[in-house]
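Biologist: I am new to reading protein models. Can you walk me through one, feature by feature?

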Amino acid sequence: MELAARRVVLGISGGIAAYKSAELVRLLVGAGASVQVVMSEAATRFVTPVTFQALSGKPVFTDQWDTRVANNMAHIDLSRGADALLIAPASADCLAKLAHGLADDLLSTLALARECPLLVAPAMNRQMWENPATQRNVTLLRSDGVEIIGPATGEQACGENGPGRMLEADEILAALLAHFQPKLLRGRRVLLTAGPTFEAIDPVRGISNLSSGRMGYAIARAASDAGAQVTLVSGPVALSCPYGVRRIAVTSALEMHAAVHREVADNDVFIAVAAVADYRPVKPLAEKIKKGMQTSPPTITLVENPDILGEVAALARPPLCVGFAAESEKLHEYAERKRRSKRIPLIVGNLIGDGFGGDENTLVLFDDEGQHPLPKAPKIALARQLVARISALLESLAWQHRSLGA
Ligand code: PMT
């Protein structure tokens, strides 16, 4: 329940993307938020207030003269005590009103009278989005501290293609969750590896492992939410890229190795979460191995893959390197041994039964100060704790001296 005890006012202005706001309310409520919906009159032409009332469990407000509010000050009362005002969709007209402080209906008046942060998810036709007037308004809003979420580029309800689509409900939720996180890594650059690698034997077969990518993707999201610029080098997984993260998709350990070396310069932190295959077939076969064509079962000759983390840690000016160790036994002994052999300041140990697949994990952090167990929790919660530890290490004098080669 990442939004437990959070109060969110969800403003809905007039646009076809209002249909996505129904799913957004469901996700916000599911994340534990108390959601108060306020709609513009135009929004009610697309989806009725009844839908949002049913999903939020609260009466929906549309009219600034609504007599249900005892003092007739809905524009003041509704946003007081709120943690955020989120407007999704925000139409071109809505952005213009917000940018210029117009207040001619409940939603715009409430936005002007608010005390809480304002986030807006624009949604409009691409010409309207690209119009210099809208772009001027967006610049004005940004300079007023308003957070602009999206828009995405793609096929539009009008049949045209281009920028202006409202982000999907889960992406808006992710942006709101990020908004509430402390910016412990603001201004930092973080490079990560995640997922398995796949080492081809022939065109259809290969050597891989059961890493789902969930742990690495959770850390990428937590680092991005903490304000870092994040690049995620990912092996083949079935996960979508976290909002705000740049992903480089790779397949084999050699591709992961090349991508990391291309990207590593100027990063403050390198986190190796990937389960990299230690060995690969010497030369993948060009044709599929046929059963029964050989007199004996085929033999696959393996060669060792480069140690990506070890090489990064050995750079002349390495980023702060964080490794992972998945062990089936003697977690403390083996993880600490890996940390020392790779000469890295922090390694994160997990047991194979806990770590691979699934949404939860149990971690132990090993660094120069000793061990820090992180009890079983969702991977995103553990990722946020790891980010806090990395931020503390970055701040520590010891690390600054180390990175200066002292
Ligand atoms: O993806 P999930 O399903 O969420 O599972 C997460 C996980 C269990 C895969 C993850 O938490 C984890 O433990 N990853 C490391 C797996 C492992 O044990 O790696 P290793 O012992 O082979 O390598 C130790 C460290 O060196 C790791 O940081 C690894 O990324 C890195 N390494 C290893 C080999 C290699 N050739 N290059 C590397 O960079």
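Modeller: Start with polar contacts. A polar contact is a pair of N or O atoms within 3.5 Å. Keep in mind that this model is predicted.

Biologist: How far is the backbone N or O atom of Met 215 from an oxygen atom of the ligand?

Modeller: The distance is 2.8 Å. Ala 274 offers another case: a polar backbone atom there is 2.6 Å from a ligand oxygen. Ile 308 works with a nitrogen atom of the ligand instead, and its polar backbone atom is 3.1 Å away.

Biologist: How much of the ligand's accessible area does the protein cover?

Modeller: On its own, the ligand has 770 Å² of accessible area, and the protein covers 94% of it.

Biologist: Which elements give two or more residues to the shell around the ligand?

Modeller: There are helix H9 (214-225), helix H11 (308-313), strand S16 (320-327) and helix H12 (331-342). S16 gives the largest share, with 4 residues.

Biologist: How many residues surround the ligand, and which are the closest?

Modeller: The count is 25. The closest are Ala 272, Ala 274, Lys 338, Asn 350 and Gly 357. Sort the shell by class and you get 12 nonpolar, 7 polar and 6 charged residues.

Biologist: Now the sheets. What is the strand order in the open sheet of 8 strands?

Modeller: To read a sheet, ask which strands pair. Two strands pair if there are at least two bridges between them. Here the order is S12-S11-S8-S13-S16-S17-S18-S19, and the pairing is mixed.

Biologist: Why is one side of S12 and of S19 left without a neighbour in the sheet?

Modeller: Strand S12 (246-249) and strand S19 (370-378) stand at the edges with a single partner strand each, so one side of each has no neighbour in the sheet. Look at the twist too. Ignoring direction, neighbouring strands of this sheet are turned by 20 degrees against each other on average.

Biologist: In which sense do S8 and S11 pair?

Modeller: Strand S8 (residues 189-194) and strand S11 (residues 229-234) pair in the parallel sense, over 6 bridges. To find one place on that pair, look at Arg 189, which stands opposite Gln 229 in S11.

Biologist: How do the side chains sit along a regular strand?

Modeller: They alternate between the two faces of the sheet.

Biologist: Which strands does helix H14 lie across?

Modeller: Helix H14 (residues 379-395) lies across strand S13 (269-272), S16, strand S17 (346-351), strand S18 (360-367) and S19. Its direction is at about 150 degrees to S19.

Biologist: What about the open sheet of 5 strands: what is its order?

Modeller: The order is S2-S1-S3-S4-S5, with parallel pairing. Strand S2 (34-39) and strand S5 (147-148) are at the edges, each with a single partner strand, so one side of each lacks a neighbour in the sheet.

Biologist: How many bridges join S1 and S2?

Modeller: Strand S1 (residues 7-12) and S2 pair over 6 bridges, in the parallel sense. Leu 10 stands opposite Val 37 in S2. Next, see the helices there. Helix H1 (residues 18-30) lies across S1, S2 and strand S3 (84-90), at about 150 degrees to S3. Helix H2 (residues 49-56) also packs on the sheet, touching S1 and S2, and its direction makes about 170 degrees with that of S2.

Biologist: Which peptide bonds are cis?

Modeller: Read the omega angle. One cis bond runs from Ala 88 to Pro 89, with omega near 5 degrees. Pro 89 is in strand S3. Another joins Gly 150 and Pro 151, with omega about 5 degrees. Pro 151 is in the loop between S5 and strand S6 (152-155).

Biologist: Last, the hairpin. How many residues lie between S6 and S7?

Modeller: There are 5. S6 and strand S7 (residues 161-165) run antiparallel, joined by 4 bridges. Ala 152 has Arg 165 as its bridge partner in S7. In the turn, Gly 159 has a positive phi of about 95 degrees.

Terms used
Residues are numbered from 1 along each chain as its sequence is written. This is a predicted model: local features need pLDDT of at least 70, side-chain atom pairs count only at pLDDT 80 or more; totals for chains, interfaces and linings use all residues. Side-chain values use heavy atoms; hydrogens and water are left out. A residue is near a molecule or strand if one of its heavy atoms lies within 4 Å of it. A polar contact is a pair of N or O atoms within 3.5 Å; within protein, one must be able to donate a hydrogen and the other to accept it, and residues adjacent in sequence count only if both atoms are side-chain atoms. Accessible areas come from the Shrake-Rupley method with a 1.4 Å probe; for residues, only the protein chains shown count as cover. Ala, Val, Leu, Ile, Met, Phe, Trp, Tyr, Cys and Pro count as nonpolar, Asp, Glu, Lys and Arg as charged, and the others, Gly among them, as polar. Axes are lines fitted to C-alpha atoms, for helices over the stretch in contact, and angles run from 0 to 180 degrees between N-to-C directions. Contact means heavy atoms within 4.5 Å.
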